[in-house]
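User: I would like to go through the labels used for this model and ask, for each of them, what justifies the word.

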Amino acid sequence: MREEDFETKLVRRLAALREQRALSLEELAAASGISRATLSRLERGESSPTAALLGKLCTVYGLPMSRLIAEVEEQGAQLIRAAEQPVWTDPASGFTRCMVSPPVQGLRAELVEGQLPAGAVIDYEQPAVRGMEQHLWMLSGTLLYTLEGVEYRLEAGDCLRFRLFGPTRFVCPGPQPARYLIAVCEP
């Protein structure tokens, strides 16, 4: 799927989630810590969502980011070819997120490929779903991953399994991008 099409669907889904929960922009701004103006620009398609912004909105909705992405995609495919895997790029950090597993509602595990450019940093204040299990497997490069204040230096082939309860930070010290696969397992 072309990235523009995916981002348009993503923005529409975010607006629909707010409407389904009968939240005003002011209420969503208060709950998420994102300004009303930013939310309004996002819903009108005048700005692109960043990873940090999506993380905050997913926390309000109690929805893992992988589930949000799955909801944006076509449902029911058993096979998704590499060229059809939806890709989203964070305009703030250059982080690229690719949904590797076919999107299907009702399944509790998904595979997501991430690529963080050298020098990029992404902070998440809290998980969208507390207690969500993840397995982070490094494919190439180096990633400094901080989980609730503990930093892990991950190199190609390393795998870290954890449950999310607090803040996290992704840092790519370089010189190559950090490329990894995350298995997201909802509690």
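User: What is the handedness of the crossing of helix 2 and helix 3, and how is the geometry of their axes described?

Analyst: In this predicted model, the crossing of helix 2 and helix 3 is right-handed. The axes of helix 2 and helix 3, the latter spanning residues 36-43, come within 9 Å and cross at roughly 115°. Both values are quoted because two packed helices are described by the angle between their axes together with the distance between those axes.

User: Which residues meet where helix 2 and helix 3 are in contact?

Analyst: From helix 2, the residues Leu25, Glu26, Leu28, Ala29 and Ser32 meet Arg36, Leu39, Ser40 and Glu43 of helix 3. By class, the residues of this contact divide into four nonpolar, two polar and three charged.

User: Why does Ser32 count as buried?

Analyst: The word buried applies to a relative accessible area under 20%, and Ser32, at 9% relative accessibility, therefore counts as buried. Ser32 lies in helix 2, which covers residues 25-32, and, leaving aside residues up to four places away in sequence, Ser32 touches Leu39, Lys56, Leu57 and Val60.

User: What makes the approach of the Ser32 side chain to the backbone oxygen of Leu28 a polar contact?

Analyst: The side chain of Ser32 reaches the backbone oxygen of Leu28 at 2.8 Å. A polar contact calls for a pair of N or O atoms within 3.5 Å, one able to donate a hydrogen and the other to accept it, so the distance of 2.8 Å satisfies that cut-off.

User: Why is Ala22 called exposed, and what is its phi?

Analyst: Exposed is the word for a relative accessible area over 50%, and because Ala22 has 64%, Ala22 is exposed. Ala22 lies in the loop between helix 1 (3-20) and helix 2, and its phi is near 55°, a positive value in a residue other than glycine.

User: Why does Glu148 count as partly exposed?

Analyst: Partly exposed covers the range between under 20% and over 50%, so Glu148, at 41% relative accessibility, counts as partly exposed. Glu148 is placed in the loop between strand 6 (142-147) and strand 7 (150-155), and the phi of Glu148, near 50°, is likewise a positive value in a residue other than glycine.

User: What is omega for the cis peptide bond that joins Gly174 and Pro175?

Analyst: For the cis peptide bond between Gly174 and Pro175, omega is about 5°. Pro175 is in the loop between strand 9 (168-171) and strand 10 (178-185).

Note on methods: Residues are numbered from 1 along each chain as its sequence is written. This is a predicted model: local features need pLDDT of at least 70, side-chain atom pairs count only at pLDDT 80 or more; totals for chains, interfaces and linings use all residues. Side-chain values use heavy atoms; hydrogens and water are left out. Helices (H or I, at least four residues) and strands (E, at least two) are DSSP runs, numbered from the N terminus. Buried means under 20% relative accessible area, exposed over 50%, partly exposed in between (1.4 Å probe, protein chains only). Contact means heavy atoms within 4.5 Å. Axes are lines fitted to C-alpha atoms, for helices over the stretch in contact, and angles run from 0 to 180 degrees between N-to-C directions. A crossing is left-handed if the near helix is turned anticlockwise from the far one by less than a right angle, and right-handed if clockwise. Ala, Val, Leu, Ile, Met, Phe, Trp, Tyr, Cys and Pro count as nonpolar, Asp, Glu, Lys and Arg as charged, and the others, Gly among them, as polar.
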